[in-house]
Amino acid sequence: MSDLGSGRARRAGGAKRTLVLDQVIAVLADRGYAGTRYADVSEASGVAVSTLQGYFGSREDMLIEAFGRATAVAVTAMDELVAQFDDPWQQLVAMVDQGLSTGVGTWRMLMEFWTAAAHDAELQEHAGALAAQYREPFVDAVRRGVESGAFTPRFDAAAVVEVVVATIVGQLYPVVLGHRTPQDKDYREVVLAQLAFALTINPAER
């Protein structure tokens, strides 16, 4: 995932470059895609504009890499969470909980990226690749649940994953606009009930 756009990405900077990408993510969440400039990142990170240009090349490459890193961090956290459980249903519950607890800043950053991608074919390609990376842990948990006999899906397994991820991502605008908080437990219960029905989970196993 971090290799998105690797044909153009530069690798100078090492660990410092990674720290700068985290600053880029924070600036994106605050200023938006169109409003994030090298000068803003320089101010936030303390790194000279000329150094940033050496790290990333163009402003667009810098922003794409920042989105890639944000998704990579989210997926790594998801993988580490899943590794704590052996049961596929517990893994799915943990991933749903983590997805629904996504912070406002992250949702705002993704909103900016997807809005920009709606008008840019290259960004659309990157967005699609990042979305596939985010879905993969869900796909893997459902697949293992089906193979072990823990799940008997009422619907196509891929469609079930699409729906649960879309339901999580559906929190984006309500949370960013302040209409709902990530701590809404009723929403969580409905999501899990729908998922259990779609996968045919025995209530005793839940």
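**Close-up 1. Arginine 135 and its salt bridge to glutamate 162.** In this predicted model, arginine 135 counts as partly exposed, at 23% relative accessibility. Its side chain meets that of glutamate 162 in a salt bridge, with 3.0 Å from N to O. The pair joins distant parts of the chain: arginine 135 belongs to helix H7 (residues 121–148), glutamate 162 to helix H8 (residues 157–169), and 27 residues separate them. Glutamate 162 is partly exposed as well, with a relative accessible area of 38%. For another view of salt bridges, look for Asp140, Arg143, Arg144 and Glu147, which are joined into one network by bridges that share partners.

**Close-up 2. A salt bridge between helices H1 and H4.** Here the side chains of aspartate 22 and arginine 69 come together, 2.6 Å from N to O. Which helices does this pair link? Aspartate 22 sits in helix H1 (residues 14–31) and arginine 69 in helix H4, so to find both partners you need to look 47 residues apart along the chain. Aspartate 22 has a relative accessible area of 30% and is therefore partly exposed, since the class runs from 20% to 50%. Arginine 69, at 25% relative accessibility, is also counted as partly exposed.

**Close-up 3. A salt bridge with a buried acid.** The side chains of arginine 31 and aspartate 40 form a salt bridge at 3.1 Å, N to O. Is aspartate 40 buried or exposed? Its relative accessible area is 8%, and because the cut-off for buried is under 20%, aspartate 40 is buried. Its partner, arginine 31, is partly exposed, with a relative accessible area of 42%. If you are keeping a tally as you go through the views, the count of salt bridges in the model comes to 11.

**Close-up 4. Helices H4 and H5 packed together.** Helix H4 (residues 59–82) and helix H5 (residues 88–100) pack at an angle of about 145°, and their axes are 9 Å apart. Their crossing is right-handed. On the H4 side, the contact is made by Ala74, Ala77, Met78, Leu81 and Val82. On the H5 side, Gln91, Ala94, Met95 and Gln98 take part. How many of the contact residues are charged? There are no charged residues in this contact, which has seven nonpolar and two polar ones.

**Close-up 5. Tyrosine 38 and its neighbours.** Tyrosine 38 is found in helix H2 (residues 38–45). At 12% relative accessibility, tyrosine 38 counts as buried. What does tyrosine 38 touch, leaving out residues up to four places away in sequence? Its contacts are Val49, Leu52, Gln53, Phe56, Gly57, Ser58, Arg59 and Met62. One of these neighbours, leucine 52, is 14 residues from tyrosine 38 in sequence, and the two C-alpha atoms are 7.2 Å apart in space.

**Close-up 6. Tyrosine 55 and phenylalanine 56, ring to ring.** The model has five aromatic pairs by count. In the pair shown here, the ring centres of tyrosine 55 and phenylalanine 56 are 5.9 Å apart, and the planes stand at 90°, so the pair is edge-to-face. Both residues are buried. Phenylalanine 56 may look familiar from the previous view, as one of the residues that tyrosine 38 touches. Elsewhere, ring pairs link Tyr33, Phe67 and Phe113 into a cluster.

**Close-up 7. A tilted ring pair and the segment after H10.** How are the rings of phenylalanine 155 and phenylalanine 197 arranged? Their centres lie 6.5 Å apart with the planes at 50°, so this pair is tilted. Phenylalanine 155 is in the loop between H7 and H8, while phenylalanine 197 is in helix H10 (residues 185–199), and the two are 42 residues apart. Phenylalanine 155 is partly exposed, with a relative accessible area of 48%. Phenylalanine 197 counts as partly exposed too, at 46% relative accessibility. Continue into the segment after H10 and you will find threonine 200. Threonine 200 has a positive phi of about 55°, although it is not a glycine. With a relative accessible area of 31%, threonine 200 is partly exposed.

Key: Residues numbered from 1 in each chain as written. Predicted model: local features only at pLDDT ≥ 70, side-chain atom pairs only at ≥ 80, totals over all residues. Heavy atoms only, no water. Axes fitted to C-alpha atoms, helices over the stretch in contact; angles between N-to-C directions. Helix = DSSP H or I, 4+ residues; strand = E, 2+ residues; numbered from the N terminus. Left-handed = near helix turned anticlockwise from the far one by under 90°. Contact = heavy atoms within 4.5 Å. Nonpolar A, V, L, I, M, F, W, Y, C, P; charged D, E, K, R; others polar. Salt bridge = Lys/Arg side-chain N within 4 Å of Asp/Glu carboxyl O. Buried < 20%, exposed > 50% of the residue type's maximum accessible area, 1.4 Å probe, protein only. Phe/Tyr/Trp six-rings, centres within 6.5 Å; stacked < 30°, edge-to-face > 60°.
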